[in-house]
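Colleague: I have a structure to look through and would like to talk about the sheet and the helices that go with it. Can you take me through them?

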Amino acid sequence: MKYKWLLFDADGTLFNYDLAEQIALKKSADEIGLTYDENLLQAYKKFNGDMWLLFEKGEIKPDELKVKRFSLLLDNYDFDFDPGKLSSIYIENLADCSVLIDGAENIVKQLSKSSKLILITNGLKTVQRKRFNNSSIKKYFPDIIISEEIGYAKPDPKMLDYAASKMEAANKKEMLIIGDSLSSDIKAGNNFGIDTCWYNPSGKSIDQEVEITYEISDLKELLSILND
Ligand SMILES: [Mg+2]
């Protein structure tokens, strides 16, 4: 086993974030009487994505992000509701969705036999803690590192440094970060100076300057990479 320490992103890498987001948004919209449809989902994704990019750049705090994405959405639909309240409803609903990417549990189980694993996420603590605690993969991870709790977010290398010390990783050459985001996961790995594995199930193109050690479209591919 080439890599003894594996740092996994959570959303979109092990957790099926797209599905969780859809379920939580629909439930929240239903609760406040806003009509849910594909356009609403796409509008939310756009506003949410924009806010997360600002967050990765350190231009916005988690508390602002949580509410701003909904104030933009409600304004866009001219719907009168308190965005802070909607944010709380949504977060509650999202935390209840711990649905995993197909096959993730089995892969993690296999890998945990020969490597130490840690989850490292920029998600919100109220969502991530609850979802992690409810998930079937919890037993394979000694810990989850959440940016909102430690005060640094990927791609800041301090977050990986913190994770490395938590898992007592001794050698950067034996560490690998696995994630679906170029701007947070892969960039963080580059900034920290470790190998990277880009999980790219939908075949996105590379739109920024990053160094990718491995690219996979299915988590199963990790088993052969790691057993080389
Ligand atoms: Mg992700």
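Modeller: Before we start, two strands pair here if DSSP finds at least two bridges between them. Please keep in mind that this is a predicted model.

Colleague: OK, so over how many bridges do S2 and S3 pair, and in which sense?

Modeller: Strand S2, residues 116-121, pairs with S3 over three bridges in the parallel sense, and Leu119 has Ile144 in S3 as its bridge partner.

Colleague: And what is the order of the strands in the open sheet?

Modeller: The order is S3-S2-S1-S4-S5-S6, an open sheet of six strands with parallel pairing. Strands S3 (144-146) and S6 (214-216) stand at the edges with a single partner strand each, so one side of each is left without a neighbour in the sheet. From one strand to the next, the twist averages 20 degrees.

Colleague: Switching to helices, which strands does H8 lie across?

Modeller: Helix H8, residues 157-166, lies across S1 (5-8), S2, S3 and S4 (175-179), and runs at about 150 degrees to S2. Helix H6, residues 125-134, lies across S2 and S3 and runs at about 170 degrees to S3.

Colleague: At what angle do H8 and H9 cross?

Modeller: The axes of H8 and H9 (residues 182-192) cross at roughly 75 degrees and come within 8 Å; because angles of 65 to 115 degrees count as roughly perpendicular, that is how H8 stands to H9.

Colleague: Which residues make that contact?

Modeller: H8 contributes Pro157, Leu160, Asp161 and Ala164, while H9 contributes Ala188, Gly189, Asn191 and Phe192. By class, the contact of H8 with H9 has five nonpolar, two polar and one charged residues.

Key: Residues are numbered from 1 along each chain as its sequence is written. This is a predicted model: local features need pLDDT of at least 70, side-chain atom pairs count only at pLDDT 80 or more; totals for chains, interfaces and linings use all residues. Side-chain values use heavy atoms; hydrogens and water are left out. Helices (H or I, at least four residues) and strands (E, at least two) are DSSP runs, numbered from the N terminus. Axes are lines fitted to C-alpha atoms, for helices over the stretch in contact, and angles run from 0 to 180 degrees between N-to-C directions. Contact means heavy atoms within 4.5 Å. Angles under 35 degrees count as roughly parallel, over 145 as roughly antiparallel, 65 to 115 as roughly perpendicular and the rest as oblique. Ala, Val, Leu, Ile, Met, Phe, Trp, Tyr, Cys and Pro count as nonpolar, Asp, Glu, Lys and Arg as charged, and the others, Gly among them, as polar.
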